[in-house]
Amino acid sequence: MTANDRNPIPLQLGRKHEQATAPFEPGSEPPREGPLVDTFGRVADDLRVSVTDRCNFRCTYCMPAEGLEWLPKAQILTFEEIERLVRLFVSLGVRSIKITGGEPTVRADLPELVAKLRSIDPGLELSMTTNGYLLDRLAEPLAAAGLDRVTISCDSLQRHRFAEMTRRDAFDRVMTGMRAAHAAGLSPVKINTVVIGGINEDEPVAFARFARETGHQVRFIEYMPLDAEQSWERAKVVPSGRIVQAIDEVYPLVPEGDGAEPASTYVFADGAPGGIGVISSVTEPFCDTCNRLRLTAEGQFRVCLFALDETDLRAPLRAGAPDAELERLIRAAVWRKWSGHRINHADFVRPAKSMSMIGG
Ligand code: SAM
């Protein structure tokens, strides 16, 4: 049976949300208690914590070949500072922490930080996104310290193309890292694949096969205008709908119900292991249900990946501010969160920081 004989796969892209309308007066004050909420009624309970701006890869769509000007060590939050802030965020209703970067595994003694974060709350969802290069030796200590699972970035299953896209001949090590993550119980292992027109858009079916063979969850991410070299073009964005259809023609898919994540996810109709998902940040933004917050490596708080402003938490933290003062800053910033990014509008302005500096 071909895709033409069947009903077309119901695309879950752009889940049906009510249009976000501000239920509160925009000029009003944030609530002093309860969860972190914005004027559109969205509750923020997911925090991405960047632990470094440095990376050992140089993905063409993220960072220049020569790297970026790295932050001086004194500007990076210490583990104790990160722990204090995360503890505060958890007391304000954050339930999920993702450690990111730069490349988080290049930060020395990362398992120590994981253990500190795990000690905050045994029920916290604690994950990390990594390029996988150092997981062969870090997967076990990270799992032992309390990490729940990892997402590993991998944009090509072809060694030469992987090397071209990451500017590192590291395909075999990343595959070893994936196996180490699985063996250490950091599962389900998710794979993040940025799909770029004219570069790797012919690979989704191969990745779906990989998901079926390994049991991993592959998430296809639309290319976003967050590359440091500013060579993003709309024509290079491969719409997620096309990816789902291409895979469905070969491996029929069944949509999963709306989960907590922004990805629209699918399992294989024939019951094969693994699954796929698409994150359509450009063609079908999920801003209406966005629950994400970000803390950069230098302690700047961002309420949107594309935000043009940040709230400095490091300066008050280092000046001895009590939790109540930090909480006031956090609540005020979340309250002001805009309705959504402007990528699809004529007035779109790129944030000054690129993906690796923010923490993807
Ligand atoms: N180094 C870690 C990793 O590889 O997962 C964490 C940081 S990395 C910036 C986080 C994710 O952002 C990766 O999956 C990467 O592929 C993705 N990314 C970077 N630049 C991007 C862009 N311009 N558009 C879409 N995704 C991007």
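This is a short tour of a predicted model, with stops at the ligand, three helix pairs and two loops.

**Stop 1: the ligand**

Start by selecting the ligand and showing its neighbours. You should find 18 residues around it, and the closest are Gly102, Glu103, Thr129, Ser153 and Met224. Now display the side chains of Tyr61 and Ser153. One polar side-chain atom of Tyr61 sits 3.0 Å from an oxygen atom of the ligand. For Ser153, a polar side-chain atom lies 2.8 Å from a ligand oxygen atom. Next, turn on the backbone of Met224: one of its polar backbone atoms is 2.9 Å from a nitrogen atom of the ligand.

**Stop 2: H1 against H2**

Select residues 79-91, which form helix H1, and residues 110-120, which form helix H2. How far apart are the axes of H1 and H2, and at what angle do these helices pack? The axes are 10 Å apart and the angle is about 25 degrees. Angles under 35 degrees count as roughly parallel, so H1 is roughly parallel to H2. Turn the view until one helix lies over the other, and you will be looking at a right-handed crossing of H1 and H2.

Now show the side chains where they touch. From H1, pick Phe79, Glu80, Ile82, Glu83, Val86, Arg87 and Val90; from H2, pick Leu110, Glu112, Leu113, Lys116, Leu117, Ser119 and Ile120. Colour this H1 with H2 contact by residue class and you get eight nonpolar, one polar and five charged residues.

**Stop 3: just before H2**

Step back along the chain to Asp109, in the loop between strand E2 (96-100) and H2. Check its backbone here: phi of Asp109 is near 60 degrees, which is a positive value in a residue other than glycine.

**Stop 4: H2 against H3**

Keep H2 selected and add helix H3, residues 135-145. The axes of H2 and H3 come within 8 Å and cross at roughly 20 degrees. H2 is therefore roughly parallel to H3. This crossing, too, is right-handed.

Which residues of H2 and H3 meet? On the H2 side they are Leu110, Pro111, Val114, Ala115 and Arg118, and on the H3 side Leu138, Pro141, Leu142 and Ala145. Sorted by class, the contact of H2 with H3 holds eight nonpolar residues, no polar ones and one charged residue.

**Stop 5: a cis peptide bond**

Move on to the loop between helix H5 (171-183) and strand E5 (190-195), where you will find Pro188. Zoom in on the peptide bond from Ser187 to Pro188. Is this bond cis or trans? The bond is cis, with omega near 5 degrees.

**Stop 6: H6 against H7**

For the last stop, select helix H6 (residues 204-214) and helix H7 (residues 240-250). H6 and H7 pack at an angle of about 60 degrees, with axes 9 Å apart. The two helices are therefore oblique to each other, and the crossing of H6 and H7 is right-handed.

Show Pro204, Val205 and Ala208 of H6 together with Ile243, Ala246, Ile247 and Val250 of H7, since these residues make the contact. Coloured by class, the contact of H6 with H7 shows seven nonpolar residues, with no polar and no charged ones.

Key
Residues numbered from 1 in each chain as written. Predicted model: local features only at pLDDT ≥ 70, side-chain atom pairs only at ≥ 80, totals over all residues. Heavy atoms only, no water. Axes fitted to C-alpha atoms, helices over the stretch in contact; angles between N-to-C directions. Helix = DSSP H or I, 4+ residues; strand = E, 2+ residues; numbered from the N terminus. Parallel < 35°, antiparallel > 145°, perpendicular 65-115°, else oblique. Left-handed = near helix turned anticlockwise from the far one by under 90°. Contact = heavy atoms within 4.5 Å. Nonpolar A, V, L, I, M, F, W, Y, C, P; charged D, E, K, R; others polar. Near = heavy atom within 4 Å. Polar contact = N/O pair within 3.5 Å; in protein donor to acceptor, adjacent residues only side chain to side chain.
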